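Reader: Could you take me closely through a single part of this model and its surroundings, with the cut-offs spelled out as you go?

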Amino acid sequence: MPLLLLDLDNTLLDRAGPFRTWAERFLDGIGAPPADIDWLLSIDADGLTDRWDVADAIRDRYRLRIPSIDLVEELHDGVVEFTRLDPLVACALRIADGAGWMPVVVSNGAVRQQDAKIRRTGLDRYVADWVISEEAGVSKPNPRIFALAAQRVRMPLRGAWVIGDGPEADIGGATAVGLPSIWLHRGRRWTDARFAPTVTVDTVIAAVAAVMDA
């Protein structure tokens, strides 16, 4: 039974939409202009900016007296609150499982937030297990985290595929560990000359279909 090593944010679960929803409500709550959403989305950088840095930027811009730790908690919990599992993604995972593939989540991030997303959305019912970088002590694209995911479910990495939207973390990680990969382009063009995905698609549903057709 080969492995499907799947990214979490903006792969299995939409992150961009929930973050924008939270951000718009937060800005409205502090009386900031609606146009400031563009600034906050830029600071967030699609989730790549450290949460403490985002919190500090918000505090500085709006001269808030809220402690940074409280803003970090708000950032974590707010995104989780608005995160939902697409039924079509759940269906695709069930089909993959029925076809003999074992889905395992491999995610960078904080255990508290990522684990909450997986459990609260019900995604845990459709994957065999998950590995989160904070707990693992190693992050994508380091090959070690993919090896840990395989160890977690007692399966070999041989024959596995990596699916994700991160050029460096997911596709670079797959290349480093010698696995084929599928990149979710999300409207972007591939620009990295060091490596490239095996397949490029627009959704995780298409990615799962591509793996089963390979």
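Author: What follows is one connected account, centred on helix α2 and widening from there.

The model is predicted, and accordingly local features are described only at pLDDT of at least 70 and side-chain atom pairs count only at pLDDT 80 or more, while totals for chains, interfaces and linings use all residues. Residues are numbered from 1 along each chain as its sequence is written, and side-chain values use heavy atoms, with hydrogens and water left out.

Helix α2 spans residues 37-44, and Ile37, Leu40 and Asp44 in it are buried (buried means under 20% relative accessible area, exposed over 50% and partly exposed in between, with a 1.4 Å probe and protein chains only). These buried residues line one face of α2, because they fall within an arc of 65 degrees when one looks down the helix axis, the arc being that of the directions from the axis to the C-beta atoms. On the face turned away from this buried side, α2 carries the exposed residues Asp38 and Ser42. The cover over the buried residues of α2 includes α1, residues 16-29, and α3, residues 51-62, where contact means heavy atoms within 4.5 Å. Directly after α2 comes Ala45, which has a positive phi, near 55 degrees.

On the other side of α2 in sequence, the loop between α1 and α2 holds Gly31, which counts as exposed, with a relative accessibility of 62%. Although Gly31 and Tyr62 are 31 residues apart along the chain, their C-alpha atoms are separated by 9.6 Å.

Helix α3, one of the elements that cover α2, also contains Asp60. Asp60 counts as exposed at 59% relative accessibility, and its C-alpha atom is separated by 41 Å from that of Val177, which is 117 residues away along the chain.

A buried histidine offers a further view: His76 lies in helix α4, residues 68-81, and is buried with a relative accessible area of 11%. When its neighbours within four places in sequence are left aside, His76 is in contact with Arg51, Ala110 and Gln113.

For a second helix with a buried side, consider α10, residues 204-213, where Val204, Ala207, Val208, Ala210 and Val211 are the buried residues. Around the axis they cover an arc of only 160 degrees, which puts them on the same side of α10. Against these buried residues of α10 pack the strands β1 (3-6), β4 (161-164), β5 (181-184) and β6 (199-201), together with helix α5 (87-98).

To set these parts in the whole, the chain has ten helices and six strands, where helices (H or I, at least four residues) and strands (E, at least two) are DSSP runs, numbered from the N terminus. The radius of gyration of the chain is 18 Å, close to the 17 Å of the globule rule for 214 residues, so the chain is as compact as a globular protein of that length (the radius is taken over C-alpha atoms, and the rule is 2.2 Å times the number of residues to the power 0.38). Along the principal axes, the C-alpha atoms fill a box of roughly 55 × 35 × 30 Å. Of the 214 residues, 50% count as buried, and among the contacts in the chain with a separation of 6 or more, 60% come from residues 24 or more positions apart.
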